[in-house]
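This report is meant for someone meeting the structure for the first time. Please look over the sequence and the model before reading on.

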Amino acid sequence: MAQRAFITGLRGTAITAEERAFLRDASPVGLILFKRNIADPSQLKELIEQFRDVLGPDAAVLIDQEGGRVQRMGPPHWPAYPAGAVYAELYRREPAQGLRAAWLGARLIAADLAAVGVTVDCLPLADVPVAGADRVIDDRAYGDTAHQVAAIAAAVAAGLQAGGVLPVIKHMPGHGRATADSHHQLPVVTADRKTLEATDFAAFVPLAAAPFGMTAHVVFTALDPGLPATTSTIMIGQVIRSFIGFSGALMSDDLSMGALSGPIGERVRQSLAAGCDLVLHCNGVFTEMQEVAASCPELGGAALQRTARALASRRPPEAIDLEAARVEFTQLVSGRAGAKTV
């Protein structure tokens with residue numbers, strides 16, 4: 001069966017019989033994992049194997065593994081990684097050290113993910129925060145200028161790819177100026193287009209060749225006063241695809257978030273009609289999963305080509321001495337020789 005243009009969440013730490021039948025019939029492009037799905041490494045590997053038993057050995061498995069506040073796999077089974085602001089601070093002191101630390105952190109995260117079978121990380125962020133914005137981005141950001149954010153994001157993306165994990169650039173075309181958390185309500189940004197193109201949008205331009213990108217549930221009144229980027233043909237066509245020049249597969253942010261309104265099926269249709277290649281549904285609520293699948297067409301045309309190209313770009317992990325990398329990484333982020341390894 002052809003894949004449908006969505007990525008799904010699941011309810012718990014094992015696939016239920018109901019979910020297994022759903023996956024078989026709906027054939028999503030991939031699975032996204034959250035803390036509710038994770039107990040320990042052996043359980044997580046088994047869950048991913050169960051998923052691929054249904055959808056095939058190459059089915060995509062995604063996670064949000066940033067470090068800091070957003071880390072689905074964490075202690076005691078996996079290391080705690082720093083927030084993006086740590087790389088930003090290092091970069092301001094010495095750019096080469098900031099970029100090296102960002103690359104190493106991402107490379108180590110990729111090793112953790114690859115060991116259990118995760119193939120896609122929803123990282124890096126290219127959001128440029130401003131004073132007075134909501135704290136949903138805050139210390140997750142790599143700096144407060146487009147140039148610095150883009151440079152560190154590129155290093156993170158390269159580190160993930162060197163470890164055999166595909167990056168997802170988020171949140172296009174920028175969540176850093178939002179004064180609300182899109183998990184709960186719809187942010188509205190009133191900055192003029194010239195300002196946006198010089199800051200928020202500009203950070204994504206050097207990352208335009210990334211395999212995957214994720215939209216922001218944010219309204220930019222200077223371009224489309226009525227719709228968030230996820231469901232706006234203007235924002236996707238004129239900004240993400242044209243001004244930024246993004247050529248990869250574009251997925252929506254989670255359609256179950258509070259920023260969006262209306263039935264979940266209508267959110268699916270609006271996102272795809274606006275130009276998203278894939279939609280993301282994360283909460284694991286089975287009735288919503290069914291509605292997403294029923295509203296979602298088979299993946300085809302340019303969306304299929306971009307998604308296939310993105311998935312095919314994943315390469316085997318490059319050789320690295322992980323223990324030495326952990327020592328170097330810890331020394332960089334702590335500023336002390338001989339610090340305890342990550």
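Which residues of helix α3 (residues 84-93) are buried? In this predicted model, the buried residues of α3 are Gly-84, Tyr-87, Ala-88, Leu-90 and Tyr-91. Seen down the axis of α3, these buried residues fall within an arc of 165 degrees, so they line one face of the helix. The elements that cover them include α4 (95-116), α5 (146-162) and α11 (322-334).

Helix α1 (residues 17-26) can be described in a similar manner. Its buried residues are Glu-19, Phe-22, Leu-23 and Ala-26, and because they fall within an arc of 95 degrees when seen down the axis of α1, they line one face of the helix. The face turned away from that buried side carries the exposed residues Ala-17 and Asp-25, while the cover over the buried residues of α1 includes β1 (4-8), β2 (28-33), α2 (41-55) and α9 (286-295). After α1 comes Ser-27, whose phi is positive, near 50 degrees.

The table sets the two helices side by side.

| Helix | Residues | Arc of buried residues |
|---|---|---|
| α3 | 84-93 | 165 degrees |
| α1 | 17-26 | 95 degrees |

The next topic is the nonpolar interior. The largest nonpolar core has 109 residues, and those with the most contacts inside it are Leu-33, Leu-44, Phe-212, Phe-220 and Met-251. Helix α4 supplies the largest share of this core, nine residues. Leaving aside neighbours within four places in sequence, Leu-33 is in contact with residues including Leu-44, Leu-47, Ile-48, Val-61 and Val-118, as well as with the charged residues Asp-64 and Arg-72.

Two single residues complete the account. Phe-246 lies in the loop between α7 (233-243) and β12 (249-254), and Phe-246 is buried, with a relative accessible area of 2%. Phe-246 and Ala-209 are 37 residues apart in sequence and 6.2 Å apart in space, C-alpha to C-alpha. Beyond its neighbours within four places in sequence, Phe-246 is in contact with several residues, among them Met-172, Leu-207, Phe-212 and Ile-240.

Asp-121 lies in strand β6 (residues 120-121). Asp-121 is buried yet has no salt bridge, and the nearest side chain of opposite charge, that of Lys-170, is 6.5 Å away. Again leaving aside neighbours within four places in sequence, the contacts of Asp-121 include Ile-63, Asp-64, Gln-65, Ile-109, Leu-160 and Pro-167.

Methods
Residues numbered from 1 in each chain as written. Predicted model: local features only at pLDDT ≥ 70, side-chain atom pairs only at ≥ 80, totals over all residues. Heavy atoms only, no water. Helix = DSSP H or I, 4+ residues; strand = E, 2+ residues; numbered from the N terminus. Buried < 20%, exposed > 50% of the residue type's maximum accessible area, 1.4 Å probe, protein only. Salt bridge = Lys/Arg side-chain N within 4 Å of Asp/Glu carboxyl O. Contact = heavy atoms within 4.5 Å. Arc of directions from axis to C-beta. Core = buried A, V, L, I, M, F, W, Y, C linked by side-chain atoms within 4.5 Å.
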